[in-house]
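Student: I should like to examine a structure by asking what justifies each label attached to it.
Tutor: Please bring the questions one at a time, and each label will be set against its criterion.

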Amino acid sequence: MMNCYVIMVAGGKGLRMGGEVPKQFLPIEGRPVLMRSIDVFVQAMPDIRIVLVLPDEQHAYWQQLCREYHFDTPVQIASGGDTRFHSVSNGLALVPNGETDALVGVHDGVRPFVSTETITACYHRAAVDGAVVPVIPVVETVRRLLPGGGSRTEDRAQFRLVQTPQVFRASLLKAAYRQPYVPTFTDDASVVEAFGHPVALERGNPENIKLTQPADLKLAHGLLTR
């Protein structure tokens, strides 16, 4: 396979966790969340090139954690932006323009339980289709809010929950990110679709949760000690 990159986006301030330490640095069973997220990509694809996007004020703390945990995986660091769109754009700048055939994944740094199978499936699918996102079925009942204030039940079989890594050909993702930012760009797939390219769906794994609430940490501990 061609060269592969992952842009690990970790711009969270940790406010919803209720503590001062940003959620990507919180330890789970003795290892920071962000390191666990990086570990699984290296396990799945040992030659993958990692770009870590962090707010400038967190760079020194990350280096401190690397020394403390003897973390020596090679990582390039980019500065976080005001939005996810701008953070990913900054990370993309570290992917050489000449590598048009490379594959670039974008992953939430607070999703440490993505499976190696999900990672490799998404990269292989992106090599064929150019753009892919991992998804899982919706198991809860879904209701749509109506303009008049009411709501109605929707057929949940017509919906999927989107995860990361979202993987793309480098040339496509770079071109899509040259578009002006609009608030509807909530993930990388929305940017690529606005550029006019379809996005394929690949099966994700249910454990691939995004750690955002304190209760998620309890679930994370359970997943690791299961």
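Tutor: The discussion below concerns a predicted model, and the labels are taken up in turn.

Student: What makes Phe-25 and Tyr-61 an aromatic pair, and why is the pair called edge-to-face?
Tutor: The ring centres are 5.1 Å apart, and the criterion asks for centres within 6.5 Å, so the two rings pair. The planes stand at 75° to each other; an angle over 60 degrees counts as edge-to-face, so that label applies. The structure holds seven aromatic pairs, and this is one of them.

Student: Why is the pair of Phe-25 and Tyr-61 said to tie together parts that are apart in sequence?
Tutor: Phe-25 belongs to the loop between strand 1 (4-9) and strand 2 (27-28), whereas Tyr-61 belongs to helix 2 (residues 59-68); the pair therefore ties together parts that are 36 residues apart in sequence. Phe-25, Tyr-61, Trp-62 and Phe-71 form one aromatic cluster.

Student: Why is Phe-25 called buried, and what is the class of Tyr-61?
Tutor: Phe-25 has a relative accessible area of 3%, and the limit for buried is under 20%, so the residue is classed as buried. Tyr-61 has 29%; that value lies between the 20% and 50% limits, so Tyr-61 is partly exposed.

Student: How do you know that Cys-66, also in helix 2, is buried?
Tutor: Its relative accessible area is 12%, which is under 20%, so Cys-66 counts as buried. Leaving aside neighbours within four places in sequence, Cys-66 is in contact with Met-35 and Phe-71. The C-alpha atoms of Cys-66 and Pro-32 are separated by 9.9 Å, and the two residues are 34 residues apart along the chain.

Student: What makes His-70 exposed, and what is notable in its backbone?
Tutor: His-70 has a relative accessible area of 69%; this is over 50%, so the residue is exposed. It lies in the loop between helix 2 and strand 5 (76-79). Its phi is positive, about 55°, although His-70 is not a glycine.

Student: Which class of exposure does Glu-29 have, and why?
Tutor: Glu-29 has 43% relative accessibility, between the limits of 20% and 50%, so it counts as partly exposed. Glu-29 is found in the loop between strand 2 and strand 3 (31-32). Its phi is about 50°, a positive value, although Glu-29 is not a glycine.

Student: How do you know that Val-51 is buried, and what surrounds it?
Tutor: Val-51 has 0% relative accessibility, under the 20% limit, so it is buried. Val-51 lies in strand 4 (residues 49-54). Neighbours within four places in sequence being left aside, its contacts are Val-6, Ile-7, Met-8, Gln-76, Ala-78, Gly-91 and Leu-94.

Student: Why is helix 1 described as mostly covered?
Tutor: Nine of its twelve residues are buried. Among them are Val-33, Leu-34, Arg-36 and Ala-44.

Student: How do you know that the span of helix 1 is close to expectation?
Tutor: Helix 1 reaches 17 Å from its first C-alpha to its last, and the expected value at 1.5 Å a residue is 16 Å. The expected span is 1.5 Å times one less than the number of residues, so the figure of 16 Å rests on the twelve residues of the helix.

Student: What part does helix 1 play in the lining of the second largest pocket?
Tutor: Helix 1 (residues 33-44) supplies the largest share of that lining, four residues. The lining includes Arg-36, Asp-39, Val-40 and Gln-43, together with Phe-113 and Leu-224. About 180 Å³ of space lies in this pocket.

Student: What makes Arg-36 and Asp-39 charged members of that lining?
Tutor: Asp and Arg are among the residue types that count as charged, so both fall in that class. By class, the lining of the second largest pocket has five nonpolar, three polar and two charged residues.

Student: Where is the cis peptide bond that involves Pro-165?
Tutor: The bond joins Thr-164 and Pro-165, with omega about 15°. Pro-165 is placed in the loop between strand 10 (160-162) and strand 11 (166-169).

Definitions and conventions:
Residues are numbered from 1 along each chain as its sequence is written. This is a predicted model: local features need pLDDT of at least 70, side-chain atom pairs count only at pLDDT 80 or more; totals for chains, interfaces and linings use all residues. Side-chain values use heavy atoms; hydrogens and water are left out. Rings of Phe, Tyr and Trp (its six-membered ring) pair if their centres lie within 6.5 Å; planes under 30 degrees apart count as stacked, over 60 as edge-to-face and the rest as tilted. Helices (H or I, at least four residues) and strands (E, at least two) are DSSP runs, numbered from the N terminus. Buried means under 20% relative accessible area, exposed over 50%, partly exposed in between (1.4 Å probe, protein chains only). Contact means heavy atoms within 4.5 Å. On a 1 Å grid over the protein atoms alone, a cavity is a set of points where a 1.4 Å probe fits but cannot get out, and a pocket is an open set with protein on both sides within 12 Å along at least five of seven lines; lining residues have an atom within 4 Å of a point. Grid points are joined across faces, edges and corners, and a volume is the space filled by probe spheres set on the points.
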